[in-house]
Amino acid sequence: MTSDFIIDYQNRIEQCLAQSLPAEQEEPQRLHSAMRYAVLGAGKRIRPLLVYATGQFFNSALVSLDSSALAVELIHCYSLVHDDLPAMDNDDLRRGKPSCHKAFDDATAMLAGDALQAEAFALLAADTENNLNERVQLLSILGRACGSLGMAGGQAIDLGSVDKTLNLVQLEQMHRLKTGSLIEASILMGAIVGKATPAELAALQEFAALLGLTFQIQDDILDVEGSTEQLGKQQGADTALNKPTYPGILGLEKAKALVEVNYEKVLACLSDFGDRAEQLRQMAKYIIQRQH
């Protein structure tokens with residue numbers, strides 16, 4: 001059963017997203033329709049949930065976390081729009097409906113992704129709930145996370161690895177960049193808003209890095225075991241593209257065992273924080289044990 005706080009945070013971010021995006025009636029209407037199509041009405045919202053759960057760790061007001069939660073989700077949605085394009089992973093299905101470029105066209109999808117990325121940074125920069133120094137830190141964290149040494153770099157490695165064999169060290173590095181960097185940024189941004197001490201920030205960064213990696217291992221497993229209906233995207237897509245995955249390198253059972261080992265390590269990162277970290281523990285369980 002999903003925890004009440006997860007449902008509450010999901011409802012909050014849905015409302016924030018709907019209010020922050022330009023209205024479909026606003027020109028250019030087709031672009032704004034594509035942006036709203038790519039973002040609204042689906043998605044687990046894991047990254048904004050992590051922002052809120054980390055902020056709760058510091059008793060931060062939710063309103064002070066909204067722009068960070070919005071920004072990481074808009075970056076994530078932009079990445080999905082671009083990843084699905086024919087020049088990238090060429091996926092026709094996303095979150096249970098046609099990918100943005102299938103519902104509109106390739107050019108509109110590219111522009112929608114570009115605009116979502118820009119809007120993420122604009123929202124962070126304009127949020128007066130956080131002081132200027134905090135906003136600069138938040139912008140820096142998010143910029144690094146989605147750049148060439150983060151998400152975009154990981155995607156470049158992924159595209160360059162098709163039909164190639166990676167060892168476990170190389171595969172881990174790819175996933176720490178492609179998937180883990182934005183998950184790590186979500187937690188660090190919540191910690192910055194919460195005015196974390198250096199020791200708290202270091203512990204949460206270790207937690208975030210392990211969580212992001214384990215998220216991707218579970219994702220690789222679900223790509224093998226899940227159904228297209230459950231996943232909301234084409235099952236077996238990575239296998240079909242002959243991409244390196246954890247089940248492909250380790251075998252399915254060893255990949256599952258690695259998830260369990262890493263899950264214990266994730267929880268151990270929070271062991272010194274007691275009840276303060278309960279929402280983060282619940283989020284780790286929600287993320288790692290998910291079935292879609």
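1. Let's start with burial. In this predicted model, buried residues account for 53% of the 292 residues in the chain. The accessible surface comes to about 12,700 Å², and carbon and sulfur atoms supply 53% of that surface.

2. Next, the overall build. You will find 15 helices and two strands in the chain. The C-alpha atoms fill a box of roughly 50 × 45 × 35 Å along the principal axes. For 292 residues, a compact globule would have a radius of gyration near 19 Å, and the chain's 18 Å agrees with that. Among contacts between residues at least 6 apart in sequence, 72% join residues at least 24 apart.

3. A word on charge. The chain carries 25 positive and 38 negative charges, and the mean positions of these two sets are 2 Å apart.

4. Now the interior. The largest nonpolar core has 81 residues, and those with the most contacts inside it are Leu116, Leu142, Phe207 and Leu211. Helix α9 (residues 168-193) gives the most to this core, with eleven residues. If you want one residue to click on, try Leu116: setting aside residues up to four places away in sequence, Leu116 touches Leu21, Met35, Ala38, Val39, Leu74, Cys77 and Tyr78.

5. Helix α9 deserves a second look through two of its residues. Isoleucine 192 lies in α9 and counts as buried because its relative accessibility is 12%, under the 20% cut-off. Beyond its neighbours within four places in sequence, isoleucine 192 is in contact with Glu134, Gln137, Leu138 and Ile141. Asparagine 130 is 62 residues away from isoleucine 192 along the chain, yet their C-alpha atoms are separated by 9.8 Å.

6. Is the other residue, glutamate 184, buried or exposed? Glutamate 184, which is also in helix α9, is buried, with a relative accessible area of 18%. Leaving aside neighbours within four places in sequence, its contacts are Gln205, Ala208 and Ala209. The C-alpha atoms of glutamate 184 and leucine 159 are separated by 22 Å, with these positions 25 residues apart along the chain.

7. Which residues of helix α15 (residues 278-288) are buried? They are Gln279, Leu280, Arg281, Met283, Ala284, Ile287 and Ile288. An α-helix has 3.6 residues a turn, so residues three or four places apart point the same way. The buried residues of α15 pack against α1 (4-20), α3 (46-57), α10 (198-225) and α14 (252-268).

8. Finally, some backbone details in the loops. The peptide bond from glutamate 27 to proline 28 is cis, with omega near -5°. Proline 28 sits in the loop between α1 and α2 (29-39).

9. Two residues have a positive phi although neither is a glycine. Asparagine 90, with phi of about 55°, is placed in the loop between α4 (62-83) and β1 (93-94). Asparagine 90 is partly exposed, at a relative accessible area of 46%. Aspartate 163 has phi of about 65° and belongs to the loop between α8 (151-160) and α9. Aspartate 163 counts as exposed because its relative accessible area is 58%, over the 50% cut-off.

Methods:
Residues numbered from 1 in each chain as written. Predicted model: local features only at pLDDT ≥ 70, side-chain atom pairs only at ≥ 80, totals over all residues. Heavy atoms only, no water. Helix = DSSP H or I, 4+ residues; strand = E, 2+ residues; numbered from the N terminus. Rg over C-alpha atoms; globule rule 2.2 N^0.38 Å. Buried < 20%, exposed > 50% of the residue type's maximum accessible area, 1.4 Å probe, protein only. Contact = heavy atoms within 4.5 Å. Areas by Shrake-Rupley, 256 points an atom, 1.4 Å probe, with all protein chains shown as cover. Lys, Arg positive; Asp, Glu negative; His and termini not counted. Charge placed at Lys NZ, Arg CZ, Asp CG, Glu CD. Core = buried A, V, L, I, M, F, W, Y, C linked by side-chain atoms within 4.5 Å.
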